[in-house]
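Grab a coffee and open the viewer. Below are a few short exercises, each with a solution worked out step by step.

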Amino acid sequence: MSHDSRTAPRICPLCEATCGLTLTIEGTTVTGARGDRDDIFSRGFICPKGASFGGLDADPDRLRVPLVRGEDGELREAAWGEAFDLIAARIPDLVKTHGPQAVGVVLGNPNVHTMAGALYPPLLLGALRTRNVFTASTLDQMPKHVSSGLLFGDAHAIPVPDLDRTDHLLLIGANPLESNGSLCTAPDFPGRLKALRRRGGTLTVIDPRRTRTARLADRHVAIRPGADALLLAALAHTLTDEKLADPGPLAEHLEGLDELAAALAEFTPEAVAAACDVDADTITAIAHELAAAPTAAVYGRIGSCTVEHGTLASWLVDVLNILTGNLDRPGGALFPLSATARAPRTAEPGARHAAPGKGFALGRWSSRVSGHPEAKGELPIAALAEEIDTPGEDRIRALVVIAANPVLSAPDGDRLDAALTDGLDFMVSVDPYLNETSRRADVVLPPPPPSQSAHFDFAFNGFAVHNQARYTRAAVPLEDGRMDESEIHARLILAVSGLHGAPPSAVDDLAVDTALTRAGAPKELAAGLTGESGPERRLDLMLRLGPYGLTLEQLLAHPHGIDLGPLKPRLTEVLRTRSGRIELLPDPIAADLPRLRRALGDRPAPLVLVGRRHLRSNNSWMHNVGSLTGGSNVCTLQIHPDDAARLGLADGDTARIESSGGGIEAPAEITDTVRSGVVSLPHGWGHSRPGTRMSVAAAHPGANVNQLLDGTLLDPLSGTAVLNAIPVSVTPAH
């Protein structure tokens, strides 16, 4: 380390694990990143993404000033004032002429990795008053939100496996050794799984691929893709049919246990075996092992969500935790309590159950063209293109895209790309890159690199396997000519709401006032808030109103975090169903079960496609970091040797893959880690479209797997695009 070097703590914003980093900084440049051994949550763990922090931070392709589309149709650099002037001139006028539904908003995954992305989009949506909201959730996790909403009355009440205390962990459609966890914030997921094995616990992995996680398991079940809900239903049936179900103390909080058993009567291990390609004895054995374990947790993720029965699979994951008595108990699946959560709402004195709440409703409105019902206030992102390019009243004419790249991440990017080009009157992107989507914008607003931004994990602390709170201020000062991401968002809100020219602090002041009103707290509390910025004042307020009564000053005094203790049972604080109970068989679920019963007779296509995660990337937004390219982080079509021989493919040959949405080509990778009848392509590739400014990604473009999909196949309850178990044909490319 040179004499002018220094170190600074930073929470890694590059995946859901939220590991603590120690950055080495020379001047204003991050020259190194290592795991923070003093971090109270991650204890020094780091993955290749965290180690690449400096490379991502200093990426020369990152935009530094706004881009504005000129009269010649080309994007050019512009001053910040000019960019916001143009937004203020265009969007309010479009809303005045065509109504609020003429504006759509798209929010991408990176939003939950920044403070600004968590704090400001709700205010933007309130200002626009549009129902045309699309997010990455309908490409990955919406089934879990919907199932939790139906079961517990709160779409954000998602139980996570108590990894550090469980005796038996069953993973389905999850590969946390590559993903670092999803809706389960757990730094060093590999170490936690190995600790489970060392203490004599059992790990079962259900996955059509022999992933790194599967190789660590006691039992790996290579299920047929898309059959997750069938197998889970058979496990639940076995527990009820053989009188192995024992909800324990949960029983007094349950509604619909007998009805559940009747609804699952047809899903016997023998009945589902052929469709799952898992023998009945194995299914029965897994059910017995779950029932016999002292504690157990079932955890399902992307592979079980992005299929035709994704919501049913997500529901059944928690049904199994409930039937075995493992929901809301140590060693099972528990509800985290973050420092900025709403203060717990307990049952009334003397009540046996949680007090009734407002419950959770689906389909409060529908999309204009195909009539897709909303879920959690969102419409399916797969329907975005048709909402733009289909004529009619309330057609989307303007789009605000924040940290999203749906041309790559959503189905049928070709149609969406054309819609963005020909169907919109105006488009704004908040994005650090000129990527496949932002290249179509009229205004691009680039946030600064992560070293120049403060960080608090509002979202992921709500899914953490251990309660804690950590906050880090910007490691280096904001570069001249840059604008803080929070100020970008605040000025955007003012511009679209007709308040252009008001100070950005007005947005934060309004948010503080609204939060105090909703909490029933005295307005005088605002005067005592500390912090150097509006976001810090808002964080301070949320901490003070939260369940632990913390303050910003306390977090600043503990740069490596504050340990708030292990997860604890808190079901009665969480339940917000109208009955005040866990509604085990909600009406929308019961209505969808006949569709699953029909799947018992289905026989799969000869070849189906599944996705896969890479440890060295995070969807499309990390493909421009040179240090993360190569190795396993490549876009290949994994195919079993038997299928390759049948199709005449050799390792490295270019394969042609075709499905309902079109065709793509990718190099074949012959491997027995994928089961026969299944091929696998990773998500987020396809960086070959002209007009982008991502040189590293363009040099390794890969193939866009989502171009195989036409966007019509969705999980009906959640609107989530079916991205896995897609029938495909594969031939040698000519």
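**Exercise 1. Find out whether L183 is buried or exposed, then look at its backbone.**

Step 1. L183 has a relative accessible area of 3%, so L183 is buried. The cut-offs are under 20% relative accessible area for buried, over 50% for exposed, and partly exposed in between, with a 1.4 Å probe and protein chains only.

Step 2. Place L183 in the chain: it sits in the loop between α7 (176-179) and α8 (189-198). Helices here are DSSP runs (H or I, at least four residues) and strands are E runs of at least two, numbered from the N terminus.

Step 3. Check phi. L183 isn't a glycine, yet its phi is positive, about 50°. Most residues other than glycine have a negative phi.

Before you go on, a word on the source: this is a predicted model, where local features need pLDDT of at least 70 and side-chain atom pairs count only at pLDDT 80 or more, while totals for chains, interfaces and linings use all residues. Residues are numbered from 1 along each chain as its sequence is written, and side-chain values use heavy atoms, with hydrogens and water left out.

**Exercise 2. Do the same for K243: buried or exposed?**

Step 1. K243 has a relative accessible area of 71%, so it counts as exposed.

Step 2. Its loop runs between α10 (228-241) and β12 (254-255).

Step 3. K243 has a positive phi too, near 60°, and is a residue other than glycine.

**Exercise 3. Work out which face of helix α5 is buried.**

Step 1. List the buried residues of α5 (residues 121-128): P121, L124 and L128.

Step 2. Look down the axis of α5. The buried residues fall within an arc of 55°, so they line one face of the helix; the arc is taken from the directions from the helix axis to the C-beta atoms.

Step 3. Turn to the other side of α5, where P122 and G126 are exposed.

Step 4. See what the buried residues pack against: α3 (80-98), β6 (103-107), α4 (115-119), β15 (398-402) and α19 (485-496). Contact means heavy atoms within 4.5 Å.

Step 5. Right after α5 comes R129, with a positive phi near 60°.

**Exercise 4. Which residues does L264 touch beyond its neighbours within four places in sequence?**

Step 1. L264 lies in the loop between α11 (257-263) and α12 (269-276), and at 0% relative accessibility it counts as buried.

Step 2. Leave out the neighbours within four places, and the contacts of L264 are A233, A236, H237, W315 and L316.

Step 3. For a distance along the way, try L230: it is 34 residues from L264 in the chain, and their C-alpha atoms are 10.0 Å apart.

**Exercise 5. How many disulfides does the structure hold, and why is C305 not in one?**

Step 1. A disulfide is a pair of cysteine sulfur atoms within 2.5 Å, and the count is 0.

Step 2. For C305, the closest cysteine sulfur is in C184, 13 Å away, so it is too far for a bond.

Step 3. C305 is buried, at 1% relative accessibility. C635 also counts as buried, at 9%.
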